[in-house]
Amino acid sequence: MKRFTSSSPLFKYLCIITFLFFILLNFYFFFPLNNNKQTPPKIVLIPPKPFPNNNQNPINNNQQQQITNKENRQYDKEEEYFNSGILNLVEPYEDNNVKTFKSQEEIKEYFFPSTLQTIIRENKFNDKRNNKNLFTIDPITKQIKNKEYNKLKVHTVFNFELPYKDDFIPYPKFTIKTKEKFCDLDNLCKTEHANNMCSICDAANNIPKLTSKVFYKSWCYKPNIDYSIISIEDGILDYGSHHPEVRHSVFDKYGNLYSMPIWHPLQFKGFNEFKIEYLPKLASVSNSWYPVEFGHFPIEILPRFLLLNQFLPLDIPIVLYHAPFVENIINQLRDKNVISKERKIIWGNRNTYYVASRLYFLFSKEDVYTPLTPDIALRIASKVIRKPLDNTQIQPSAKYVLVVDRSDASSRSITNLEALVQKLRLNLKDYQIIPTQLSKRTFFEIGKLFNGASAIIAPHGAGLANLIFSKPGTLVLEVGWHGRPQEFHWPGDYYCFSRGLGLNYYAVAATSGHHYTHLTVDVDEINQIVTNELA
């Protein structure tokens with residue numbers, strides 16, 4: 001066997017290989033290929049893309065559907081609750097008792113006999129308001145058991161035999177900052193002027209809802225409040241004849257009163273001071289306040305109108321308050337088939353009594369006037385009005401927070417809106433923050449914005465009436481104020497509106513300003529609420 005010596009070629013090859021191995025080993029230790037101390041990646045803040053011209057959609061359809069299903073699951077249970085209380089066609093809507101008249105004088109003499117004129121002047125109506133015995137329905141047969149007055153008909157009853165529940169009707173949510181401003185630094189809620197917003201204080205004190213003096217007040221009603229569509233023979237509808245902005249008190253030629261605010265009693269001024277219009281049959285949403293104002297029509301009249309529209313036969317015309325924006329909304333609803341083109345609408349004239357052989361109207365046996373925003377009306381209206389939104393031109397492309405910009409209004413714009421928007425953009429990377437002026441958009445364009453928003457931030461004002469388009473569970477932050485400046489405190493209409501629609505409502509008191517001025521907000525307070533809720 002040949003000896004392995006230092007002079008052999010094999011030995012020389014082994015030395016060369018060993019030398020190269022040590023060179024590579026030293027290179028590895030001094031210049032490692034995988035350094036654990038990596039340089040942090042550069043952070044680039046990308047500004048939100050213009051809205052609504054962004055066609056990218058970071059959420060796929062399956063993810064979006066899962067989110068929507070989760071938000072709607074509880075709302076569906078509530079809808080079942082309300083649907084179980086609808087009792088339709090207790091008595092038929094048809095009525096053949098139609099009268100004919102030859103002249104205006106004949107109409108006046110028939111509907112306003114001397115006995116009724118005396119009743120109005122002396123305010124001695126046969127008051128049928130808040131009368132739980134006006135009619136009763138057998139819970140088993142679901143037929144009329146008895147009626148106090150045979151000229152009255154009961155057509156559709158809502159909330160029939162519906163048990164009281166309040167687990168899905170929350171107190172307003174708030175931060176300690178808002179509670180301190182609204183409840184501790186101010187005594188409004190300890191006076192007779194306490195309103196729905198004082199629910200903030202009751203919630204902070206853990207007062208049960210049924211014990212609270214403000215939780216079910218004004219625009220906020222019990223979910224199972226008595227509510228129905230009834231009709232009367234020879235009915236009379238007051239359209240602002242005694243007060244220009246308080247309309248649609250309901251009574252009949254026999255002196256029976258069905259709906260009238262106690263603080264605005266009817267006043268008969270004589271035949272020469274008002275008009276009379278006769279229709280064989282007519283329907284009304286019943287009493288209302290400021291019915292052609294932007295902040296009243298969409299939340300107090302439109303839902304009740306849509307409720308009537310769902311249940312009334314198409315040949316029964318509905319009287320509405322005429323204003324250009326109201327007519328525009330109705331026309332858009334017709335174009336979207338929310339309202340049938342066959343539905344006749346009577347555009348009401350102020351200072352007029354509308355009289356009908358058969359007058360249909362909304363009524364409650366639990367109140368002196370017809371509830372303005374009952375849950376059943378809000379939910380049915382919201383459901384039908386949201387149907388056509390998929391066909392509108394605006395198609396939101398990502399998750400976003402809508403911030404209502406009232407800088408084009410004379411009051412209640414947010415003075416530090418830009419700082420608020422920048423703060424939200426800094427902390428909500430997964431959301432677009434969209435400040436917008438609603439006055440520049442159409443009714444259904446606004447509806448699409450509200451419908452697609454994950455959260456809505458807005459000062460108290462008519463813009464919040466568009467919440468009727470919002471999906472159940474949407475986060476809503478209403479910016480209000482504390483105190484009672486110039487005899488006007490923060491109303492609770494949009495809080496009641498939000499809870500009736502199943503929205504996630506927060507009350508935020510501004511740091512300065514009130515109803516007649518602009519508002520400054522605590523940016524950190526709003527940022528904390530939104531980031532916590534959307535996390």
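Is the crossing of α9 and α12 right-handed or left-handed? The crossing of these two helices is right-handed, a word used when the near helix is turned clockwise from the far one by less than a right angle, whereas anticlockwise would be left-handed. This is a predicted model, in which local features need pLDDT of at least 70, side-chain atom pairs count only at pLDDT 80 or more, and totals for chains, interfaces and linings use all residues. Residues are numbered from 1 along each chain as its sequence is written, and side-chain values use heavy atoms, leaving out hydrogens and water.

**The disulfides**

Three disulfides are counted, each being a pair of cysteine sulfur atoms within 2.5 Å. Counting bonded cysteines along the protein chain, their pattern is 1-4, 2-3, 5-6.

| Pair | S to S distance |
|---|---|
| Cys183 and Cys201 | 2.1 Å |
| Cys189 and Cys198 | 2.1 Å |
| Cys220 and Cys496 | 1.8 Å |

Cys220 lies in the loop between α6 and β5 (227-239), while Cys496 belongs to helix α12, so this disulfide ties together parts that are 276 residues apart in sequence; helices (H or I, at least four residues) and strands (E, at least two) are DSSP runs, numbered from the N terminus. Cys220 is buried at a relative accessible area of 2%, and Cys496 is buried at 3%, where buried means under 20% relative accessible area, exposed over 50% and partly exposed in between, with a 1.4 Å probe and protein chains only.

**The contact at Cys496**

Cys496 is also among the α12 residues that meet α9, where the partners include Asp375 and Leu378, contact being heavy atoms within 4.5 Å.
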